[in-house]
Each structure stands twice: as C-alpha cells, then as structure tokens.
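Please open the model in your viewer and keep the sequence panel beside it, because the tour moves from one selection to the next. At each stop, select what is named and then read what is to be found there.

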Amino acid sequence: MATHNLNRIVTGLAKKNLPTCLLKRTSINSFVVTKRHATHFKFYPDPPPIDCGPTEKMNLFQSLTSAMDISLSSDPTTLVFGEDVAFGGVFRCTVDLKEKYGQDRVFNTPLCEQGIAGFAIGAAVAGSTVVAEMQFADYIFPAFDQIVNEAAKYRYRSGGLFECGKLTIRSPCGVVGHGGLYHSQTPEAHFAHAAGLKIVIPRSPIQAKGLLLACVRDDNPCLFFEPKILYRAAEEDVPVGDYTLPLGKAEVVRLGHDVTMIGYGTQVHVLKEVAEMAHDELGISCEVIDLVTITPWDEEAVCKSAAKTGRVIVSHESSLTGGFAAEIASTIQKECFLNLEAPVERVCGYDTPFPHILEPYFIPDKWRCFEAVKNVTNY
Amino acid sequence: MSVGRFINCAAIKAAYVSAFRQTFHGAAISAVRYKSTTPQSEDQLGMKIIGGPRSFINKLEFLEPKLEDAIPIYRVYDTEGKILDGTQDPKLSEDVLHQMYHSMIMLNTMDEVMYSAQRQGRISFYMTNYGEEASHIGSAAALDKRDLVFGQYREAGVLVWRGFTLDEFMDQCYANVNDPAAGKQMPVHYGSRDLNFVTISSPLATQMPQASGAAYALKRTHPGLCVICYFGEGAASEGDAHAAFNFAATLDAPCLFFCRNNGYAISTPAHEQYRGDGIAARGSGYGMITIRIDGNDVLAVYNATKKARQIAIEESRPVLIEAMTYRVGHHSTSDDSTAYRAKEEIEEWTSGDNPINRFKFYLINERQCWDEERDKALAAECKKQVLKAFTAAEKRKKPSPSLLFTDVYDDLPPNLVKQRQEMVDHLGKYSKHYPLDDHEPV
C-alpha cells in the first residue's frame with residue numbers, strides 16, 4: 001500500500017479515536033503492518049470416545065454448556081450461578097440455560113466471589129447440586145477462605161455429618177495471549193495444598209464435558225479450571241449424550257519410550273507439538289501425559305512412565321516456585337530415583353506475575369520445552 | 001415504561017409488576033419492596049434508574065446519622081420480669097415455659113462444670129454462654145426443629161433446646177470415641193445432623209453466606225422451613241457478613257440472621273467494632289426487614305423470632321434480628337476479660353440485667369408457675385446430671401489414630417492409603433513415645 005494512503009488512513013482513524021494498533025509508524029512517512037502474536041500452541045483434537053453415541057461438532061464452551069444442560073435436566077436440584085451467567089456468561093458457557101431451566105435454577109449473583117463460594121457451599125450442604133462460576137480464576141482469591149477453610153474441610157471436621165460434595169466451582173483459567181496479570185492465572189498450586197478438594201483441568205471439549213459431569217456427580221467439592229484460550233479455538237466431535245470421564249486418572253496421550261513429558265490443560269497441546277518436533281528433528285520418542293486431575297493426582301501412571309523412560313519433563317504455565325511441577329518432580333525422584341537417567345526438568349512460567357506484552361517470553365512455549373528435551377537426553 | 005402512569009389501576013399495575021419481574025427482576029423488586037406512603041407524580045420520579053425508580057430533590061442535603069434515629073430495642077418484660085405491655089405476652093403454656101427455664105439452667109450448669117474442667121486441665125479449651133441464655137432459648141423455641149441452624153460458637157443453648165444430650169456435649173469436648181467427628185475439632189465445635197445444627201467451624205462469619213445458600217436450596221426442596229444464622233457483632237464486620245446479607249436479599253432466601261450483639265469481640269468493645277447504629281441499621285441498606293430486640297428477654301426473643309420466621313417463609317426473604325445482650329463470661333478459657341473491662345461492669349450486668357433471673361421473676365410473679373424451692377431442686381438436679389455425664393465422658397477412650405485419614409474425601413485416595421500405612425508403620429516402631437493407651441487401637 002502506498003505510504004501516503006496509509007498516512008491518510010491512520011490520521012483518519014486517529015481523528016475518530018479508532019485503534020491504529022495494527023499500523024506501526026516506523027518513520028514520519030512510513031508504516032509497517034504488524035499483527036498481534038499468534039497463539040503459542042496447535043490444538044490436537046481427539047476422536048470421540050467409542051460407545052458414547054452420536055456426536056456433534058462443539059467447541060470448549062459449547063461442550064461445557066452441554067454438560068451443564070445434562071446436569072440441569074437429569075438432576076432437579078442442580079443450580080448454576082455466578083456473575084453474568086444468566087444472559088449466557090462472558091464466555092458463553094451458559095447460553096440458553098436460564099431460558100430452558102428458569103431463573104430460579106440459573107441465575108446471576110451479586111459481584112462477590114466470597115459470597116458465591118459461601119452461598120454455593122451452603123446450598124450444597126442443604127442438598128442441592130451446585131455448579132458455581134468464578135468469572136476468572138484470577139478472581140477466585142476472595143473465595144480462598146471459603147474454599148480452603150470451609151469446603152475442603154466440611155466432611156473432615158464434622159465426621160461426615162455434613163459435607164458439600166455436591167459442590168463444583170468452575171472457572172476460566174490460563175494463558176490467553178493478552179490477559180496480563182489478572183486474566184491469565186491458573187491457581188491450581190494454591191488450592192492443591194488444601195486436602196479435601198479435587199482439582200481438574202481439561203485439555204479439550206470431549207475431556208471437559210465428561211470431566212465436568214464427573215465433578216458435578218463426585219461426592220467431594222471440586223474445582224474445575226477451564227483453559228479459556230481453548231473456549232473457541234478447540235473444536236471436536238463431542239458426544240451429545242451423557243458420559244463421564246474418570247477423576248484421579250492421568251492419560252497417556254502419546255506413547256513413547258525416551259522421554260516422559262507431563263502437563264495439563266493447554267500445555268498438553270504444546271507438549272504434543274514438542275513431541276513431534278523431537279521425533280522429526282532429534283529422533284527422540286516422547287511419551288506425553290495429561291495429568292487431568294491435579295489433586296488427587298495419578299502417581300501410579302506418572303511413576304510408571306518415569307520408570308520406563310528415566311527422563312522426565314514437567315511443564316505448566318503457572319510460576320516455577322511452589323508450582324505443581326515441584327510436587328510431581330519431588331515424588332518422581334523419590335519413587336523412581338534409581339530409574340532416572342537425568343534430573344527431572346521443570347519448564348514453567350518464571351517467578352514473576354503474569355506479564356502482558358512480555359507473555360511470549362514468560363510462557364513455557366514449545367522452544368523452551370524442546371530445549372528441555374535436549375537437556376534431559378544429553379545429561 | 002412508568003410505574004406512575006399505571007398507579008391508579010390495580011389490575012394493570014399488578015400485571016405490569018409481574019411482567020416487569022420477569023425481565024427486570026432487580027428493578028421490579030426494589031420498586032415493590034420500597035413502599036411509598038405518598039404518591040409520586042410521574043415527572044418527579046427518576047424513572048430510568050436501573051436499580052429502581054427514585055424521586056429527585058433540589059436541596060443539597062446530606063443524611064446524617066443521629067442518636068435520636070437509632071433503632072429502639074423491643075422488650076416484653078423489664079429487668080424484674082414485669083410485663084410492660086400485656087398484648088406482647090405470648091402466654092406460652094407452663095410446659096413450654098418450664099422447658100425453656102430448665103434449658104437455661106442446664107446450659108448454665110454445664111458451662112460452670114466444663115469451664116472448671118478446662119481450668120483443671122481435663123479438657124483443652126471451653127467457651128461459656130453466660131449472659132446469652134435468653135437469646136439461645138427464646139430463638140430456638142420459636143423455630144421448627146427442622147429449620148437448619150448455622151451457628152458461630154456461642155449458641156450451645158440452641159442445641160440444649162433441641163435435645164443434644166449432656167453426653168454428646170461432653171464427648172465432643174473430651175474428643176473421645178463417641179464424638180462423631182472423631183475428636184477432630186477443638187471443644188465446643190458441636191454439630192448434629194439429627195437436630196439440624198450444622199457443625200461449628202472456627203473461622204468467623206463463614207457460616208453466613210452458607211446460611212444464605214442453604215436457605216435458597218431449602219426454599220426449593222422444603223418449602224415451609226427456614227434457616228437461622230447466628231453470629232456476633234464482631235463477626236458482622238467480616239466481608240462474609242456483607243456477602244450473606246446481599247445474597248440472601250437479592251436472591252430472596254428465607255434466612256433469619258440473628259446477631260448476638262454481646263458488646264465484645266474478645267477484647268474489642270462494640271464501639272470499636274462499628275461507627276454506625278450497630279448491625280440493625282445495616283439491614284435496610286440491603287433491603288432486609290429488621291428488628292432490634294432485648295436479647296436478655298426470653299419472650300422478646302421468642303416473639304421476634306417467631307414473627308421473623310413467618311415473614312421469611314411467607315415472603316421468601318431474609319430478616320435481620322439484632323439481639324442486644326452482654327457477654328458475662330470471658331471470651332474463652334484462653335481469655336481473662338478483667339484485662340480490658342472493669343469487674344464492676346460485669347457485676348452491673350450480672351445483677352441488673354440477668355436473663356435467667358428476669359425470666360425466673362416472670363415465671364414466679366407474672367405466671368405463678370415457679371418458686372424458689374423448685375428452683376433449688378432444679379439446680380441440684382442439673383448439677384447431678386451434668387456431673388454424671390462429665391464423669392462418664394472423662395473415662396472414655398480417645399479415637400483410633402487411623403481415623404486421622406478418614407473423611408478427607410468420601411473415600412481414601414491412593415495417597416492417603418499410602419500415608420496411613422506410613423503412619424501405622426511408624427507407630428509400630430515408636431509406639432512408646434505416643435499416648436496410645438488413651439486411644440482405641442490403631
């Protein structure tokens with residue numbers, strides 16, 4: 001495009017206060033068209049599970065709507081609530097549910113996470129199945145006391161007289177490309193320390209629907225963190241009917257024998273791509289494991305793989321120190337010490353808050369994971 | 001759309017309001033809840049305000065809290081048990097009155113014995129209910145036994161009323177094998193599924209939004225029941241209290257919020273806890289029906305709770321009750337309140353506004369259904385029963401150490417199976433360093 005035309009366009013846009021961000025001025029008279037950074041992963045869809053009946057193309061948010069629809073229709077006590085869920089939700093996860101099931105079952109709450117959590121716990125204690133939403137995982141912290149001191153301990157402290165097993169809290173999490181400090185967090189490590197909770201992070205629509213239904217029906221309070229970057233980007237042929245997937249069971253999503261790579265959520269797709277790169281460029285065979293459930297986690301499956309390969313990489317978006325990879329690495333070195341050929345590598349976000357424009361440098365992207373494969377095989 | 005335009009035609013207005021409710025739930029409710037006593041003309045109403053129509057004013061006027069506007073305290077009898085307004089006496093049967101009084105004395109006696117037990121090192125911790133017996137018994141007696149109770153920690157009288165036995169109280173305090181929670185909590189953290197009393201937890205005010213949620217759920221599954229949530233004036237400062245009020249009000253939950261304003265949160269007096277007119281003044285800010293009552297007057301507590309329950313259930317909305325009382329005892333056995341308040345102050349309340357004595361005078365003078373002789377006999381009988389339960393509880397074994405791992409989840413996940421085995425193996429080797437003889441076997 002001729003420079004003087006670009007100049008006119010930019011000036012025109014700027015006069016109307018419209019964004020000129022796609023056009024970067026390199027000198028007083030010329031422009032370069034720039035793009036915002038593309039996603040850091042490639043989504044690997046799975047084939048639908050066999051014996052789950054007919055399927056339909058659904059993205060992640062649609063598969064979640066389907067799960068909640070099934071819970072609302074099969075369990076008359078089910079309630080779905082949170083900020084803005086009535087009109088369909090800020091991520092469209094609850095579209096049409098209010099219209100279908102009524103305002104007394106699908107409703108907005110005031111803007112108060114500690115209230116959402118407390119109210120949800122109480123409703124579950126009184127016998128309702130509850131699916132409560134925290135609009136962003138970054139905002140779950142006001143509810144930390146209710147979740148950790150109350151929900152997690154309800155059964156233990158009462159000897160089972162009272163419990164909130166019918167509670168599931170779901171929340172969008174994770175890297176999204178532009179989220180910065182407060183729209184990118186995954187707080188699994190903070191909550192993993194509270195015995196009594198189950199924490200689940202799905203990698204795809206098929207996984208998400210089955211796992212959310214499993215959480216809703218599990219007799220323990222569950223936290224369900226949904227990688228928001230996958231809401232629209234991840235699409236699969238998802239069974240339309242009712243099905244659940246097991247909690248507490250990790251899944252080997254790619255078989256291999258040289259290196260074990262463990263992750264969850266979006267990171268599973270990053271690791272799958274790294275496995276392909278390692279195969280193509282280094283001739284290394286990687287086994288990729290989706291942890292699926294953070295607590296209680298599948299030690300047996302992870303250690304079996306670690307013992308087989310002797311070389312392990314654990315990777316998550318959350319910061320390194322005190323992150324969940326530390327827990328996994330610690331257990332692997334204890335249980336598989338004599339099988340290890342190299343120290344367990346952790347590829348994680350750095351020990352900083354989540355940056356905005358510097359996100360590409362913060363996240364454990366495929367290049368950092370690829371480098372870890374080299375490190376662990378060249379030890 | 002204008003409320004004013006339809007105000008003359010009741011049928012249209014009703015239809016309008018109900019249609020309005022469907023689409024603009026919040027606005028309609030605030031329009032309906034805030035009844036005006038003077039008609040508002042259309043052009044004076046702030047019609048478009050999303051939160052509900054409001055009128056305009058041309059004078060620059062700030063609202064200033066004034067002592068004269070402070071909410072008065074509802075009472076039925078005075079400090080001598082004399083009825084002030086005959087129409088307010090609920091004229092309960094003698095059986096009910098005796099049961100109420102018996103409960104207050106039993107509670108008081110148990111408190112005395114268990115407090116001493118802690119001082120003697122027999123139990124680790126205790127909290128008394130001195131001075132608040134009327135609040136507990138009066139409110140509990142006004143409820144249905146199926147109404148779900150969420151407490152803070154100073155509501156043992158509610159359990160006494162509902163039939164929690166002395167054995168059950170003591171077994172929890174002694175943390176022995178009979179405690180359904182296997183001694184997992186500190187003393188006074190009682191709970192009873194059968195008596196619909198949710199197990200107490202130490203964090204303050206956490207029970208409050210839970211009560212709102214439970215009330216919401218119960219409204220759908222058990223219409224005709226309500227939830228009552230007890231909390232202190234200190235706990236009312238927590239964010240959870242605000243959340244509870246707002247959620248219960250916006251979501252139309254039949255929850256009674258019963259604030260025991262006993263003047264102290266450990267050492268912090270109420271005038272350091274809030275600057276406004278206590279907790280009752282906050283109620284209307286949330287759109288809640290509210291009353292302030294004399295918490296040391298059994299009948300006032302009874303009347304208010306009974307009415308509040310009716311409102312909550314019939315109108316599907318929360319009600320706030322602030323019961324003014326006084327914490328006669330220390331905060332707990334870990335506290336010596338003479339460090340922050342004068343002995344004289346405690347004396348004044350104990351002699352001048354004593355809930356047990358006031359009720360006793362009412363029974364003797366107003367109802368002629370009690371006397372000092374029976375009073376002495378009751379005190380002796382309660383003491384005897386308490387000491388019997390106390391002696392038995394003290395002798396029982398503590399729970400098996402294996403129970404450490406139960407009820408974390410509904411079943412034992414692999415990591416806990418492994419950890420339990422580690423603990424058992426450890427105890428096998430180091431048994432003499434642990435008080436295993438006090439416990440059931442591992």
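## Stop one: unusual backbone in chain B

Begin by selecting S316(B), which is buried, with a relative accessible area of 19%, a value that counts as buried because the cut-off is under 20%. Bear in mind here, and at every later stop, that this is a predicted model. S316(B) sits in the loop between α10 (298-315) and β9 (319-324) of chain B, and although it is not a glycine, its phi is positive, at about 55°. Most residues other than glycine have a negative phi, and most peptide bonds are trans.

Next, select K91(B), in the loop between β2 (54-55) and α3 of chain B, where phi is again positive in a residue other than glycine, with a value near 50°. Is K91(B) buried or exposed? At 55% relative accessibility, K91(B) counts as exposed.

## Stop two: helix α6 of chain B

Now select residues 166-174 of chain B, which form helix α6. Seven of its nine residues are buried, so the helix is largely enclosed by the rest of the structure; the buried ones are L166(B), F169(B), M170(B), D171(B), Q172(B), C173(B) and Y174(B). To see what covers these buried residues, add α3 (94-119), α5 (156-162) and α13 (372-395) of chain B, which are included in that cover. Just after α6(B), look at A175(B), whose phi is positive, at about 55°.

Before leaving this chain, display the whole of chain B, in which 14 helices and nine strands are found, and in which 50% of the 442 residues count as buried. Among its contacts between residues at least 6 apart in sequence, 72% join residues at least 24 apart. You may also select residues 102-401 of chain B, which an unreviewed UniProt entry lists as "domain: Dehydrogenase E1 component"; over this stretch the chain is 46% helix and 11% strand, and the end C-alpha atoms lie 38 Å apart.

## Stop three: helix α8 of chain A

Move to chain A and select residues 205-217, the 13 residues of helix α8, which reaches 18 Å from its first C-alpha to its last, close to the 18 Å expected at 1.5 Å a residue. Of these 13 residues, 12 are buried, so α8(A) is largely enclosed by the rest of the structure. Among the buried residues are P205(A), Q207(A), K209(A) and V216(A).

## Stop four: single residues in chain A

Select T109(A), which is placed in the loop between β5 (106-108) and α4 (113-125) of chain A and counts as buried at 9% relative accessibility. Residues up to four places away in sequence aside, T109(A) touches F81(A), G82(A), E83(A), I116(A) and, in chain B, F247(B). T109(A) and F81(A) are 28 residues apart in sequence, yet their C-alpha atoms are 6.6 Å apart in space.

Then go to K366(A), in helix α14 (residues 366-377) of chain A, which counts as partly exposed at 21% relative accessibility. Leaving aside neighbours within four places in sequence, K366(A) is in contact with V270(A), E273(A), V274(A) and M277(A), while its C-alpha lies 9.3 Å from that of K272(A), 94 residues apart along the chain.

Finally in this group, select T295(A) and P296(A), which are joined by a cis peptide bond with omega of about -15°; P296(A) lies in the loop between β14 (293-295) and α11 (299-309) of chain A.

## Stop five: the cavities

How many cavities of 30 Å³ or more does the structure hold? There are four of them. For the largest, which contains about 100 Å³ of space, select T186(A), Y264(A), G265(A), T266(A) and E317(A), which lie nearest its centre among the 14 lining residues. Strand β15 (residues 312-319) of chain A gives the largest share of this lining, four residues, and the lining as a whole divides into four nonpolar, eight polar and two charged residues.

The second largest cavity holds about 70 Å³, and its lining includes E150(A), Y154(A) and R157(A) together with F150(B), V198(B) and Q210(B). Here α6 (154-158) of chain A and α7 (207-221) of chain B each supply at least two lining residues, and the lining comprises four nonpolar, six polar and two charged residues.

Technical notes: Residues numbered from 1 in each chain as written. Chains lettered and ligands numbered in written order. Predicted model: local features only at pLDDT ≥ 70, side-chain atom pairs only at ≥ 80, totals over all residues. Heavy atoms only, no water. Expected span 1.5 Å × (residues − 1). Buried < 20%, exposed > 50% of the residue type's maximum accessible area, 1.4 Å probe, protein only. 1 Å grid on protein atoms, 1.4 Å probe; cavity = no way out; pocket = protein on both sides within 12 Å on 5 of 7 lines; lining within 4 Å. Points joined across faces, edges and corners; volume = space filled by probe spheres on them. Nonpolar A, V, L, I, M, F, W, Y, C, P; charged D, E, K, R; others polar. UniProt positions renumbered as here; feature names shortened; annotations may be inferred. Contact = heavy atoms within 4.5 Å.
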